[in-house]
Amino acid sequence: PLAEVQMAERVLAGLAWQPHFGILLALGEIDEEIVSARRTLASLRDQAYGQWRATILRRGRRVPEQAAARLLDGFGDIAGRVDVRIDAPAAALLADLVRAPPRQPQPDLIGVLLAGDVLGCDALQEMAIGSGLHPDAEFFYSDERRISPASNTSEAFFKPQWSPDLLTATNYIGRFWCTLPALLRRARLTMGDWFQF
């Protein structure tokens with residue numbers, strides 16, 4: 001609702017924090033990935049918080065034919081905020097793949113999605129507020145909906161607070177997550193690392 005969006009905008013104004021998001025979107029090799037990635041792009045277009053750019057990267061050795069044209073068909077309103085970098089080498093640093101064009105703000109937070117991930121319309125706004133409320137934190141993750149192995153239906157997956165011990169037992173972070181670009185640079189994470197691990 002508009003009232004919730006406006007309240008969140010007031011919170012961000014009070015925090016003096018309007019982060020720019022750089023979203024990495026991974027596109028797989030099979031043809032159905034185009035349809036999945038288009039669902040993800042539609043969820044980005046529908047965000048209540050509009051300060052984002054997306055970079056589409058390949059996840060594998062090849063991409064579907066005419067991937068860029070098929071991905072952006074009908075998305076003319078956001079095409080200027082989407083970079084298709086399907087030729088990026090595996091050694092490319094993730095932090096460097098989401099750079100904004102000259103004279104535009106560079107991303108304050110880098111998030112990762114896979115083709116088919118669908119964000120709630122307030123996902124970026126909530127992530128912006130969370131990062132503004134915790135300015136010393138470098139990594140942020142969200143709850144999500146997943147297919148339950150028990151019921152085979154989509155259910156809420158509420159994640160715990162940060163727990164290094166639990167993380168050694170299970171990767172509860174999943175998606176959607178964001179990090180400061182400096183953390184990715186310190187870790188020297190590459191596109192190849194992201195796809196392998």
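**Exercise 1. Place Gln125 and say whether it is buried or exposed.**

Step 1. Gln125 belongs to helix H5. The model is a predicted one.

Step 2. Its relative accessible area is 2%. The limit for buried is under 20%, so Gln125 is buried.

Step 3. Look at what surrounds Gln125. Leaving out residues up to four places away in sequence, Gln125 touches Val5, Ala8, Glu9, Leu12, Ala48 and Tyr49.

Step 4. Widen the view to the helix. Eight of the 11 residues of H5 are buried, which leaves the helix mostly covered. Among them are Ala123, Leu124, Met127 and Ala128.

**Exercise 2. Describe the largest pocket and find which helix gives the most to its lining.**

Step 1. Start with volume. The largest pocket takes up about 970 Å³.

Step 2. Turn to its centre. The lining has 29 residues, and Met127, Tyr141, Ser142, Asp143 and Phe176 are the closest to the centre.

Step 3. Trace the elements. Helix H5 (123-133), strand S5 (139-141) and strand S6 (144-147) each supply at least two lining residues. H5 gives the most, with five residues.

Step 4. Sort the lining by character. It divides into 13 nonpolar, seven polar and nine charged residues.

Step 5. Return to Phe176. Phe176 sits in the loop between helix H6 (164-169) and S8. The peptide bond that leads from Arg175 to Phe176 is cis, with omega near 0 degrees.

**Exercise 3. Describe the second largest pocket in the same way.**

Step 1. The volume of the second largest pocket is about 580 Å³.

Step 2. Its lining counts 22 residues, and those closest to the centre are Val112, Asn171, Trp177, Trp194 and Phe197.

Step 3. Four elements each supply at least two residues of this lining: strand S4 (109-114), strand S8 (177-179), helix H7 (181-187) and helix H8 (191-196).

Step 4. By character, the lining splits into 16 nonpolar, three polar and three charged residues.

**Exercise 4. Work out how many disulfides the structure holds, using Cys121 and Cys178.**

Step 1. Recall the cut-off: the two sulfur atoms must lie within 2.5 Å.

Step 2. Check Cys121. Its nearest cysteine sulfur is that of Cys178, 16 Å away. Cys121 is therefore in no disulfide.

Step 3. Check Cys178. The nearest sulfur is that of Cys121, again at 16 Å, and Cys178 is in no disulfide.

Step 4. The structure holds zero disulfides.

Step 5. Add the surroundings. Cys121 is partly exposed, at 48% relative accessibility. Cys178 is buried, at 0%.

**Exercise 5. Locate Thr55 and list what it touches.**

Step 1. Thr55 lies in strand S2, which spans residues 52-58.

Step 2. Relative accessibility is 3%, so Thr55 counts as buried.

Step 3. The Thr55 side chain reaches the backbone oxygen of Leu97 at 3.2 Å.

Step 4. Residues up to four places away in sequence are set aside. Thr55 then touches Ile23, Leu24, Leu25, Asp83, Arg85, Leu97 and Val98.

**Exercise 6. Find the phi values of Gln66 and Arg103, and place each residue.**

Step 1. Gln66 has phi near 50 degrees, a positive value in a residue other than glycine. Gln66 is in the loop between S2 and helix H3 (67-72).

Step 2. With 62% relative accessibility, Gln66 counts as exposed.

Step 3. Arg103 has phi near 70 degrees, which is positive, and Arg103 is a residue other than glycine. Its loop runs between helix H4 (94-97) and S4.

Step 4. Arg103 has a relative accessible area of 83% and is exposed.

Definitions and conventions: Residues are numbered from 1 along each chain as its sequence is written. This is a predicted model: local features need pLDDT of at least 70, side-chain atom pairs count only at pLDDT 80 or more; totals for chains, interfaces and linings use all residues. Side-chain values use heavy atoms; hydrogens and water are left out. Buried means under 20% relative accessible area, exposed over 50%, partly exposed in between (1.4 Å probe, protein chains only). A polar contact is a pair of N or O atoms within 3.5 Å; within protein, one must be able to donate a hydrogen and the other to accept it, and residues adjacent in sequence count only if both atoms are side-chain atoms. Contact means heavy atoms within 4.5 Å. On a 1 Å grid over the protein atoms alone, a cavity is a set of points where a 1.4 Å probe fits but cannot get out, and a pocket is an open set with protein on both sides within 12 Å along at least five of seven lines; lining residues have an atom within 4 Å of a point. Grid points are joined across faces, edges and corners, and a volume is the space filled by probe spheres set on the points. Ala, Val, Leu, Ile, Met, Phe, Trp, Tyr, Cys and Pro count as nonpolar, Asp, Glu, Lys and Arg as charged, and the others, Gly among them, as polar.
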